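This report introduces one protein structure to a reader who has not met it before. The sequence and the structure are shown first, and the description follows.

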Amino acid sequence: MGIMSTATNALQSILGGETGLSWALSEGRAGNADTVLRTADIKSENVSIDVAEKSPVRYPVVLIYCDRLVNEQREKFAIVSGTLSVVVEVRASGNSIAAVSGQTLDYVEAILAVLDCHKGEWATG
């Protein structure tokens, strides 16, 4: 497994874990989120909206993917030494712009709360 897959899978397991996204939403740390997110709704993939709409999708859904990897080779004997950018994308659906906006904001605040709780090393290597 490559470094990009390792990073996205580590973040997926953090968001899907005990102190993950469901915990942050249920604890009320993210405002008044009514929906409980299933672990299956946190996916480690980058899919365009057109392709995603052709398959059955349950909203809200959280997509995690690696956006960019820059190997700056700062460390002499490391295979990769640089910056890895991981994107967490929240997709929501609703009857009004206000409902979608509120739901998305709740999820973003919950993701930030989870990331704040899990500072430091996510995986070995």
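The sections below treat the model, its core, its surface, its charged pairs and its backbone.

## Model and confidence

The structure is a predicted model. The average pLDDT of the protein is 83, and 88% of the residues score at least 70. Among the elements, helix α4 has the highest mean pLDDT, 91, whereas helix α3 (residues 49-54) has the lowest, 78. Where pLDDT is low, the predicted coordinates should not be read in detail.

## Overall arrangement

The protein contains four helices and three strands. Read from the N terminus, these elements follow the order α-α-β-α-β-β-α. The protein has 125 residues, of which 27% count as buried.

## The nonpolar core

The largest nonpolar core has 14 residues. Those that touch the most other members are Leu15, Leu21, Ile42, Val62, Ile64 and Tyr107. Two or more residues are contributed by each of α1 (3-16), α2 (21-26), β2 (61-71) and α4 (97-117). Helix α4 supplies the largest share, with four residues.

Tyr107 is located in helix α4. Its relative accessibility is 1%, and Tyr107 therefore counts as buried, the limit being under 20%. Glu89 lies 18 residues from Tyr107 along the chain, and the C-alpha atoms of the two are separated by 9.9 Å.

## A nonpolar patch on the surface

Nonpolar residues also occur at the surface. Ile3, Met4, Leu69, Ile79 and Val80 make a nonpolar surface patch of about 430 Å². Ile3, one of these residues, is placed in helix α1. With a relative accessible area of 38%, Ile3 is partly exposed, because this value falls between the 20% limit for buried residues and the 50% limit for exposed ones.

## Cysteines

How many disulfides does a search of the whole structure find? The search finds zero. A disulfide is a covalent bond between the sulfur atoms of two cysteines. Cys66 is buried, with a relative accessible area of 17%, while Cys117 counts as partly exposed at 41% relative accessibility.

## Salt bridges

Side chains of opposite charge can pair when their charged atoms come close. A search of the whole structure finds four salt bridges. One joins the side chains of Asp41 and Arg58, with an N to O distance of 2.7 Å. Asp41 belongs to the loop between α2 and β1 (42-43) and Arg58 to the loop between α3 and β2, so this pair ties together parts that are 17 residues apart in sequence. The two partners are covered to unlike degrees: Asp41 counts as buried at 4% relative accessibility, and Arg58 is partly exposed, with a relative accessible area of 39%.

Another salt bridge links Arg74 with Glu72, whose closest N and O atoms are 2.9 Å apart. Here Arg74 counts as exposed at 57% relative accessibility, and Glu72 is partly exposed, with a relative accessible area of 41%. The side chains of Lys119 and Asp116 also meet in a salt bridge, at 3.0 Å from N to O. Lys119 is exposed, its relative accessible area being 66%, and Asp116 counts as partly exposed at 44%.

## Backbone features

Most residues other than glycine have a negative phi, and most peptide bonds are trans. Two sites in this model are described against that background. The peptide bond from Tyr59 to Pro60 is cis, with omega near 0°. Pro60 is placed in the loop between α3 and β2, and Arg58 of the salt bridge with Asp41 lies in the loop between α3 and β2 as well.

The other site is Gln73, a residue other than glycine with a positive phi, near 50°. Gln73 is found in the loop between β2 and β3 (82-91). With a relative accessible area of 63%, Gln73 is exposed.

Technical notes
Residues numbered from 1 in each chain as written. Predicted model: local features only at pLDDT ≥ 70, side-chain atom pairs only at ≥ 80, totals over all residues. Heavy atoms only, no water. Core = buried A, V, L, I, M, F, W, Y, C linked by side-chain atoms within 4.5 Å. Buried < 20%, exposed > 50% of the residue type's maximum accessible area, 1.4 Å probe, protein only. Patch = residues over 30% accessible without salt bridge, like charges linked within 9 Å, V, L, I, M, F, W, Y side chains within 5 Å. Areas by Shrake-Rupley, 256 points an atom, 1.4 Å probe, with all protein chains shown as cover. pLDDT = per-residue confidence, 0-100. Disulfide = S-S within 2.5 Å.
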